[in-house]
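Hi everyone, thanks for making time. I'll walk you through one model today, so have a look at the screen and we'll go piece by piece.

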Amino acid sequence: MRTDVKKPLPTAHGSGAEEKQGTAAHGSGAERRTGADENVVVADERSSGGRHSELLERHRAVMPTWLSLFYEQPIEIVSGSGRHVTDGEGRTYLDFFAGILTNMLGYDVPEVRDAIKEQADRGVLHTSTLYLLRQQVDLAEKIAALSGIEGAKVFFTNSGTEANETALMLTTAYRRSNQVIALRNSYHGRAFATVGVTGNRGWGVSSLSPVQVTYAQSGYRYRSSFAGLDDGAYVDACVHDLRELIDTTTAGDVACLIAEPVQGVGGFAVPPDGLLGAYAEVLAEYGILFVSDEVQTGWGRTGESFWGIGSSGVVPDAMTFAKGLGNGAAIGGVVARPELMDCLQGQSVSTFGGNPLSTAAANATLDYVLHHDLQTRAATIGRVLLEGLRAQIGDLPIVGEVRGKGLMIGVELVHAGSTDPDPAAAARALETCRERGLLVGKGGLYGNCLRIAPPLTLTEGEAAEGLAVLVDTLASVDAG
Ligand SMILES: Cc1ncc(COP(=O)(O)O)c(C=O)c1O
């Protein structure tokens, strides 16, 4: 959904206060401030490289080993502006990963900062859902209207994991069934039920689960048993498999299917058009509910539609969301059909879910997305990046596939001349991009995919700048 109120965005290389940190170049000037006073870095500290090493040592001593960090020498990001961030040693980067898609508008956005400040200035950061929360109701009304779900109701959480836990709780309670269908190569969160529906061994930290899960074929065609089929044949094969899976591996009364319209952690795997729509038809026959996990794909990021599932022409029974909504403030939630949302018999509460600070940030962020029509921007700039990458690095022997939609673009790296995943090449590319002033993400089933997901406000100039770094980087990684 779009509104007709449009405001200008920064042009080519950006303008105004939000551009104060310059370009992706490494920002090596001794005069550069990095943000809050304690983070002002002087040249000596930068050259010693001590700030990051010292923090890393402390991090390793007190944080879990399974909490992984990017880069051989992990960095601390201490300030940001527009699409740029600066690290603790004074290097500035163009950010093509946006804090795992959370900083949807970029950094230091006045509208969001003012909304948070206004709430903080009232002296109340939190009251709880025991009291009416105006910002929460405002936000719920907007999301319900944008969802396309008739009579939709909304419940707010603090994260995507909690949002999906809630959706699983609702659908299993509504259907009085603990059976769930998830997709292979999926990621839905880090808690008990969400790990249970995560179809990626790298993130499947436990086989114990409160739900009984079967895994259908996903849109990750590159490594599917049906790879090589054209779109129509692929969809037919997957649908046939789904029917067989329901008939042979479930008791029939499955609660829901949960799916990411574009698999995020799974390496930005995009299903062929029609797959999820065809799945929805099968589910309807069996009375199985459809949950679309929009944690990464929501808010217009895929360009084609406001929710990722919109491209399939499906209005799901529930959608979950998080990540970009607060532009960095912690917020997630579920929007669902009213009878599904209201089906719980007992009481339930999230103490911090939908708190005044997060909902203030989220209202400001969502308004910004709509007023600036960032969905169209994601489509336009995303096309430039996708086509640019396909044209300039698509034929490199180490590039297995370049895929994506809008500002979600994945580059799958393989051992030259094969489809064998090459996670080491992805790690080298991540590192080289950083050295050249560009932050990108990494993921995929084997950790061999680069993930490109900049803020939706990315300018054409910044897209060209980042594209050039990616092309050079991949050419050098390919050359060994
Ligand atoms: C599709 C999807 N769902 C759920 C989650 C979990 O969200 P969170 O990390 O906020 O709990 C993620 C996180 O990456 C995600 O990508």
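Let's start with a small one: which sign of phi does glycine 437 take, just after H13? Glycine 437 takes a positive phi, about 95°. Before I go on, a word on what you're looking at. The model is predicted, so local features need pLDDT of at least 70 and side-chain atom pairs count only at pLDDT 80 or more, while totals for chains, interfaces and linings use all residues. Numbering runs from 1 along each chain as its sequence is written.

Okay, the overall picture. We have 14 helices and 15 strands; those are DSSP runs, H or I of at least four residues for helices and E of at least two for strands, numbered from the N terminus. Of the 480 residues, 52% count as buried, and buried is 20 or more other C-beta atoms within 10 Å of the residue's own, with C-beta atoms placed from the backbone.

Now back to H13 and its surroundings. There's an open sheet of four strands, in the order E11-E12-E15-E14, with antiparallel pairing; pairing needs at least two DSSP bridges between the strands. E11 (399–405) and E14 (441–443) each have a single partner strand, so they are the edges and one side of each has no neighbour in the sheet. From one strand to the next the twist averages 25°. Inside the sheet, E12 (residues 408–413) and E15 (residues 449–452) are antiparallel over four bridges, and glycine 410 has arginine 451 of E15 as its bridge partner.

H13, residues 423–435, packs on that sheet and touches E12, E14 and E15, where a contact is two C-beta atoms, placed from the backbone, within 7 Å. The direction of H13 makes about 35° with that of E15; the axes are lines fitted to C-alpha atoms, for helices over the stretch in contact, and angles run from 0 to 180 degrees between N-to-C directions.

Which residues of H13 are buried? They're Ala425, Ala426, Ala429, Leu430, Cys433 and Arg434. Remember that an α-helix has 3.6 residues a turn, so residues three or four places apart point the same way. The buried residues of H13 pack against several elements, including strand E3 (92–95) and helix H14 (460–479).

That brings us to H14. Its 20 residues should span 28 Å at 1.5 Å a residue, and the end C-alpha atoms are 28 Å apart, so that agrees; the expected span is 1.5 Å times one less than the number of residues. Among its buried residues are Glu462, Glu465, Leu467 and Leu470. Their cover includes E3, helix H12 (374–393), E11, H13 and E13. Right after H14 comes glycine 480, again with a positive phi, near 85°.

Next, strand E7, residues 256–259. What's on its two faces? Cys256 and Ile258 sit on one side, Leu257 and Ala259 on the other, and all are buried. E7 runs parallel to E5 (residues 179–183), with two bridges, and parallel to E8 (residues 289–293), with four bridges. Isoleucine 181 partners leucine 257, and cysteine 256 stands opposite leucine 289 in E8.

Last stop, the ligand. Of the 17 residues around it, Ser159, Gly160, Thr161, Gly189 and Val295 come nearest, and a residue counts as near if its C-beta atom, placed from the backbone, lies within 6 Å. Helix H6 (residues 160–175) gives the largest share of that shell, three residues.

How values were computed. Buried ≥ 20, exposed ≤ 12 C-beta atoms within 10 Å, placed from the backbone.
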